[in-house]
Amino acid sequence: MGILERRDKTNYYLDLAEVVSQRCTCLRRHYGAVIVKNDEVISTGYVGAPRGRQNCSDLGACLREQRGIPRGERYELCRSVHAEANAIICAPRQGMIGATLYLVGITIEKDEATGTYRRGGYIENAVCCSMCKRLVINAGIAQVVCRDDREHYRVIQVEDWIADDESLRGVLGY
């Protein structure tokens, strides 16, 4: 091996997704997504309000947070488009068929004394929400790689989401 250790390719793409997450405007969680096919980045996406609308970070408030709505529920009240959805929206269909989506989630912590927000640690067991799972399935993406910590990740085969249709069991959110 050489003098410098080289980052493995999976963590390299997850690192890119983590950098993309730095553009997020959500006050609860920051997610970054990168779609890769044949070792080529096809598209990226992060959490933010639709183009032209104010972001929660601009407004200084999150309606879901104000109402105490748990993670994975009542997304119709959310101002944002999820990272996976934004990456899919920006990608050509042919580029997604058989591709891999890399996903990183970061917690956001609020300092109640100052009212300021800061990025925290990795979201435990991060995975696509039920709505984004449907988008990933229809986009033709083959697998999703979710970061657990700086070095570890899980690989999810999208065909497993098709075979195990959680909506039939009434499973909400994540």
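## Asn38 and the first hairpin

Asn38 lies in the loop that connects strand 1 (29-37) with strand 2 (40-46). The model is a predicted one. In it, the phi angle of Asn38 is positive, at about 50 degrees, although the residue is not a glycine. Asn38 has a relative accessibility of 72% and therefore counts as exposed, the cut-off for that class being over 50%.

The two strands flanking this loop are antiparallel and are joined by 6 bridges. Together, strand 1 and strand 2 make a hairpin with 2 residues between them, and Asn38, with its positive phi, belongs to the turn. Within the pairing, Val36 is placed opposite Val41 of strand 2.

## Asn125 in a later loop

A positive phi is also found at Asn125, where the value is near 55 degrees, again in a residue other than glycine. Asn125 is located in the loop between strand 4 (116-122) and helix 6 (130-139).

The relative accessible area of Asn125 is 47%, so this residue is classed as partly exposed. The class covers values between the limit for buried, under 20%, and the limit for exposed, over 50%.

## Secondary structure and overall dimensions

The protein comprises 7 helices and 6 strands. Read from the N terminus, the order of these elements is α-β-β-α-α-α-α-β-β-α-β-β-α. The radius of gyration is 16 Å, close to the 16 Å expected from the globule rule for 174 residues, so the protein is as compact as a globular protein of that length.

Taken along the principal axes, the box filled by the C-alpha atoms is roughly 50 × 50 × 30 Å.

## Burial and contacts

Buried residues make up 43% of the 174 residues of the protein. Among contacts with a separation of 6 or more, 65% are between residues 24 or more positions apart.

## Surface and charge

The exposed area of the protein is about 10,000 Å², of which carbon and sulfur atoms supply 49%.

As for charge, the protein carries 24 positive and 23 negative side chains. The centres of these two sets are 6 Å apart.

Methods: Residues are numbered from 1 along each chain as its sequence is written. This is a predicted model: local features need pLDDT of at least 70, side-chain atom pairs count only at pLDDT 80 or more; totals for chains, interfaces and linings use all residues. Side-chain values use heavy atoms; hydrogens and water are left out. Helices (H or I, at least four residues) and strands (E, at least two) are DSSP runs, numbered from the N terminus. The radius of gyration is taken over C-alpha atoms; the globule rule is 2.2 Å times the number of residues to the power 0.38. Buried means under 20% relative accessible area, exposed over 50%, partly exposed in between (1.4 Å probe, protein chains only). Contact means heavy atoms within 4.5 Å. Accessible areas come from the Shrake-Rupley method with a 1.4 Å probe; for residues, only the protein chains shown count as cover. Lys and Arg count as positive and Asp and Glu as negative; His and the chain ends are not counted. The place of a charge is taken as NZ of Lys, CZ of Arg, CG of Asp or CD of Glu. Two strands pair if DSSP finds at least two bridges between them.
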